[in-house]
Amino acid sequence: MRTATRSTTVLLLAALTLTACAPAAAPAPSASASPTATPTPTPTATPDPLAGMSLADRVGQMFMVGTSVEGANPTTLAAVRDDHVGGIFLHGRSDAGAEATAGLIGQFTSTVAAGTPELWVATDQEGGTVQVLKGPGFDRIPSAVEQATQTDAALRSAAAAWGAQLAQAGVNMNLAPVADIVTSPEFAASNPPIGALAREYGYDRATVAAKVGAFAAGMRDGGVMPTLKHFPGLGHVDENTDTRTGVTDDTVTADGADVGVYDNVLPQGDAIVMMSTAIYAQIDPGAPAAFSPAVVNVLRDRVGFDGVITVDDLSAARQVQPWSPADRATLAVDAGVDLLLVSADPSVYPEMRQAVLARAQSDPAFAAKVDAAARRIVEQKAAMP
């Protein structure tokens, strides 16, 4: 028994010795040593730019109403103050200078309600025969034909200076540059809206796109939103939509050079695009471009433009007189136009606004178009510097 006990003791001591020589087992990880998972951030919802805006205010944003450079139009003042319209347009000709222009604009901006999107203040400051604002503080701008003789860099620099002068006076949108291709120098005199006034930058896609792009970039550099016009092109017609009805273009196609200018220029930076009111027989012979979903869709789908689309004057232009003011407004919205320009005759604005509002209140599909248009306008304003 004693022998057995001793043997057992020796075996136990040997086992203990072996255990002491073995490497220590790693301790079990504690809960605090466990890797901490990176929390997944909660996505921040993008605020709806239309949140809190009534339908009436959304409709208001879709109008740009004119006022003479000689004084504040009462209808336009009321439209800004009461209807919260998206913008005003300075029309006519003025030699009064920048300080007087700023005073005129201030009469409108001072009535903009708190919380209302910024007011667009636009004019036609192309150069040559189409320059609304002159006088102290505004350079005299050469015509597009003359501008085109400059290098692209020089034209951009000059346009930046012209844009800065506009911005200093309170203008933040210029309905320029003209992106129309005139057929040839020889045809220019037979093209009343563009060539006869030396408003063209050239006679081929590459030249026009280069100079339009330089002018537009300069406007942005100066703090002003450029507007490319008159989509899909007014360089081939032999009548003027301002003074004639039934003006029709038989040349422009959806995939031709005239539309190609927009392919080149629009990717370069923010811009508005203005629809022509001519009829385009090769795209939609049944309606002026401003009232044609087919022509608007060339810009949206073929060119891929998702910004704000405006339109040439819907108030006094002879081309649109066969339609009532109410129909002009609703047809343009139905076609996909966002910003309705009522520039020369603001007296028709109340009828237009009421027609759009009433249609939106009774037609959900039309109301959806109003929402889409107002959203593009408000987002574009928010993106401006």
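Me: Which way do β6 and β7 pair, parallel or antiparallel?
Reply: Parallel. In this predicted model, strand β6 (residues 173-174) pairs with β7 over two bridges.

Me: Which residue of β7 does N174 stand opposite?
Reply: P226 in β7.

Me: Is β7 buried or exposed?
Reply: Buried. Seven of the seven residues of β7 are buried, so the strand is largely enclosed by the rest of the structure. The cut-off for buried is under 20% relative accessible area.

Me: What sheet do those strands sit in?
Reply: An open sheet of eight strands. The order is β12-β9-β7-β6-β3-β2-β1-β13. The pairing is parallel.

Me: Which strands stand at its edges?
Reply: β12 (309-311) and β13 (340-342). Each has a single partner strand, so one side of each has no neighbour in the sheet.

Me: And what holds paired strands together in general?
Reply: Strands of a sheet pair through backbone hydrogen bonds.

Me: Back to this sheet. How many bridges join β1 and β2?
Reply: Five. Strand β1 covers residues 63-68, and the pair runs in the parallel sense.

Me: What is the bridge partner of S68?
Reply: H91, in β2.

Me: What about the open sheet with β8 in it?
Reply: That sheet has three strands, in the order β8-β10-β11. Its pairing is mixed. The edge strands are β8 (248-249) and β11 (284-288), and each pairs on one side only.

Me: How do β10 and β11 pair?
Reply: In the antiparallel sense, over two bridges. Strand β10 spans residues 279-280. I279 stands opposite P288 in β11.

Me: Zoom out. How many helices and strands does the chain have?
Reply: Twelve helices and 13 strands.

Me: How much of the chain is buried?
Reply: Of its 385 residues, 50% count as buried.

Me: And how much area does the chain expose?
Reply: About 16,700 Å². Carbon and sulfur atoms supply 56% of that area.

Me: What share of contacts join residues at least 24 apart?
Reply: 75%, counting contacts between residues at least 6 apart in sequence.

Me: Got a case of residues far apart in sequence? Where does D263 lie?
Reply: D263 lies in helix α8, residues 257-265. D263 and V303 are 40 residues apart in sequence, but their C-alpha atoms are 5.8 Å apart in space.

Me: What else is D263 in contact with?
Reply: Leaving aside neighbours within four places in sequence, D263 contacts R205, R302 and V303.

Me: Why does D263 count as partly exposed?
Reply: Because its relative accessibility is 22%. Partly exposed falls between the 20% limit for buried and the 50% limit for exposed.

Me: New topic: pockets. How much space lies in the largest pocket?
Reply: About 480 Å³. The elements giving two or more residues to its lining are β2 (87-91) and β7 (225-231).

Me: Which residues lie nearest the centre of that pocket?
Reply: D124, V130, R199, D242 and D312, out of 27 lining residues.

Me: How does the lining of the largest pocket divide by class?
Reply: It has 13 nonpolar, six polar and eight charged residues.

Me: How much space lies in the second largest pocket?
Reply: About 220 Å³. It has 13 lining residues, and D270, F305, D306, G307 and Q380 are the closest to its centre. By class, the lining has five nonpolar, four polar and four charged residues.

Me: How many cavities of 30 Å³ or more does the search find?
Reply: Two in the whole structure. The largest cavity has a volume of about 60 Å³.

Me: What lines the largest cavity?
Reply: Its lining includes E126, G127, S143, A144, Q147 and R199. The elements giving two or more residues are β4 (125-127) and α5 (144-147). The class split is six nonpolar, three polar and two charged.

Me: R199 again! Where did that residue come up before?
Reply: In the largest pocket, among the residues nearest its centre. R199 also lines the largest cavity.

Me: And what lines the second largest cavity?
Reply: V80, H84, V85, V112, A113, T116, P117 and L119. About 30 Å³ of space lies in there. Six of the lining residues are nonpolar, two are polar and none are charged.

Note on methods: Residues numbered from 1 in each chain as written. Predicted model: local features only at pLDDT ≥ 70, side-chain atom pairs only at ≥ 80, totals over all residues. Heavy atoms only, no water. Helix = DSSP H or I, 4+ residues; strand = E, 2+ residues; numbered from the N terminus. Buried < 20%, exposed > 50% of the residue type's maximum accessible area, 1.4 Å probe, protein only. Contact = heavy atoms within 4.5 Å. Areas by Shrake-Rupley, 256 points an atom, 1.4 Å probe, with all protein chains shown as cover. 1 Å grid on protein atoms, 1.4 Å probe; cavity = no way out; pocket = protein on both sides within 12 Å on 5 of 7 lines; lining within 4 Å. Points joined across faces, edges and corners; volume = space filled by probe spheres on them. Nonpolar A, V, L, I, M, F, W, Y, C, P; charged D, E, K, R; others polar. Pairing = 2+ DSSP bridges.
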